[in-house]
Amino acid sequence: MMANSLFNAHELASGTAQHDLQDEFLEHFAEARTGGVMVASMRDPTSGIARIRNHVRPIVVVNYDVPGADWCTVLMDNVQVGRAAVDHIADLGIRRAFFVSIPDIVQPVVERRRGLRQAAAERGVRLTEIDAAGLMAADGRRAAEDLLPLLARERCAILAVNDKVALGVLQLLREHGALRVPDDVAVVGMDGDHRDDGADWMTLTSIELPGFAMGAEGVRLLAAEEEHDHVHERVALPVRIRPGESTIGSAGARAGA
């Protein structure tokens with residue numbers, strides 16, 4: 001069985017009330033006597049899991065880290081997401097960056113911000129953090145509008161918490177016209193969600209996330225949880241940058257293809 005808890009970080013950031021069904025579905029799975037549960041969570045699942053622990057033993061949590069948890073965990077390295085974005089622009093000689101993101105209301109954002117700050121301090125990149133009202137292109141566009149007066153002073157980068165926000169930034173820069181991408185402003189997304197459909201203005205540099213591998217690891221660990229001598233594992237999968245025209249230009253993108 002599969003179920004969607006309807007948790008929505010965009011709506012949470014924009015103040016829309018939600019009814020998160022995660023705990024209700026966990027109880028439903030327990031009542032159905034499922035052989036195991038994989039929880040892909042955006043919030044702490046501890047309380048919901050505690051209520052079903054006596055009925056469902058094989059449990060694997062994906063995408064949320066609870067230190068010392070009594071289950072296996074599969075994560076992507078969100079700290080590395082932030083670090084990879086900063087390292088990429090620093091390698092291009094950029095020393096000024098703006099991070100456009102929702103506040104720290106979900107764990108992946110907290111960790112990406114931590115990685116950004118660490119790498120910026122190490123690489124000598126001056127980092128300014130800008131709040132966005134949500135995770136859609138319109139939110140990125142609105143955040144970038146406020147930045148326009150600051151962008152012409154030196155070559156800089158806008159690092160967006162996800163690809164949709166980054167695409168909103170690109171749309172504004174294209175319409176503005178006076179600032180060239182990537183010569184004046186480089187743009188980076190952070191979830192690898194966007195794919196060029198042939199109609200885009202330019203390809204977006206982003207961080208490719210290991211979603212497929214996380215699912216495969218989750219299934220492997222569900223089976224491992226049933227073994228008598230099982231020891232819980234915490235698996236953190238690496239990410240990698242996918243350079244595009246929004247940071248390296250069309251010539252660089254062709255050379256790397």
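A salt bridge is taken here as a side-chain nitrogen of Lys or Arg within 4 Å of a carboxyl oxygen of Asp or Glu. The model is predicted, so local features need pLDDT of at least 70 and side-chain atom pairs count only at pLDDT 80 or more, whereas totals for chains, interfaces and linings use all residues. Residues are numbered from 1 along each chain as its sequence is written, and side-chain values use heavy atoms, with hydrogens and water left out.

A search of the whole structure finds 21 salt bridges. In one of them, Arg-141 pairs with Glu-175, with the closest N and O atoms 2.5 Å apart. This pair links distant parts of the chain, since Arg-141 belongs to helix H6 and Glu-175 to helix H7, 34 residues apart. Helices (H or I, at least four residues) and strands (E, at least two) are DSSP runs, numbered from the N terminus. Arg-141 also forms a salt bridge with Glu-145, where the closest N and O atoms are 3.9 Å apart. Glu-145 and Arg-141 are four residues apart in helix H6 (residues 137–151), which means that about one helical turn separates them.

Accessibility can be added to this picture. Buried means under 20% relative accessible area, exposed over 50%, and partly exposed in between (1.4 Å probe, protein chains only). On this scale Glu-175 is exposed at 55%, Glu-145 is partly exposed at 38%, and Arg-141 is partly exposed at 23%. Another salt bridge joins the side chains of Arg-113 and Asp-104 (2.7 Å, N to O). Here Arg-113 is buried, with a relative accessible area of 7%, while Asp-104 is partly exposed at 40%.

Asp-163, in helix H7, offers a contrasting case. Asp-163 is buried yet has no salt bridge, and the nearest side chain of opposite charge, Arg-242, is 4.2 Å away. For charge, Lys and Arg count as positive and Asp and Glu as negative, while His and the chain ends are not counted. The side chain of Asp-163 does make a polar contact with the side chain of Ser-206, at 2.6 Å. A polar contact is a pair of N or O atoms within 3.5 Å; within protein, one must be able to donate a hydrogen and the other to accept it, and residues adjacent in sequence count only if both atoms are side-chain atoms.

Turning to the strands, four of them form an open sheet in the order S5-S4-S6-S7, with parallel pairing. Strands S5 (126–131) and S7 (185–188) are the edge strands, each pairing on one side only. Two strands pair if DSSP finds at least two bridges between them. Strands S4 (residues 96–101) and S6 (residues 156–160) pair in the parallel sense over four bridges, and Val-100 has Ala-160 in S6 as its bridge partner.

Two helices lie across S4, S6 and S7. Helix H4 (residues 78–91) does so at about 165 degrees to S6, and helix H7 (residues 163–176) at about 155 degrees to S7. Axes are lines fitted to C-alpha atoms, for helices over the stretch in contact (heavy atoms within 4.5 Å); angles run from 0 to 180 degrees between N-to-C directions.

Strand S3 (residues 72–76) runs parallel to S9, joined by four bridges, and Val-74 stands opposite Val-235 in S9. Side chains alternate along strand S9 (residues 234–237): Val-235 and Leu-237 point to one face and are buried, whereas Arg-234 and Ala-236 point to the other and are not.
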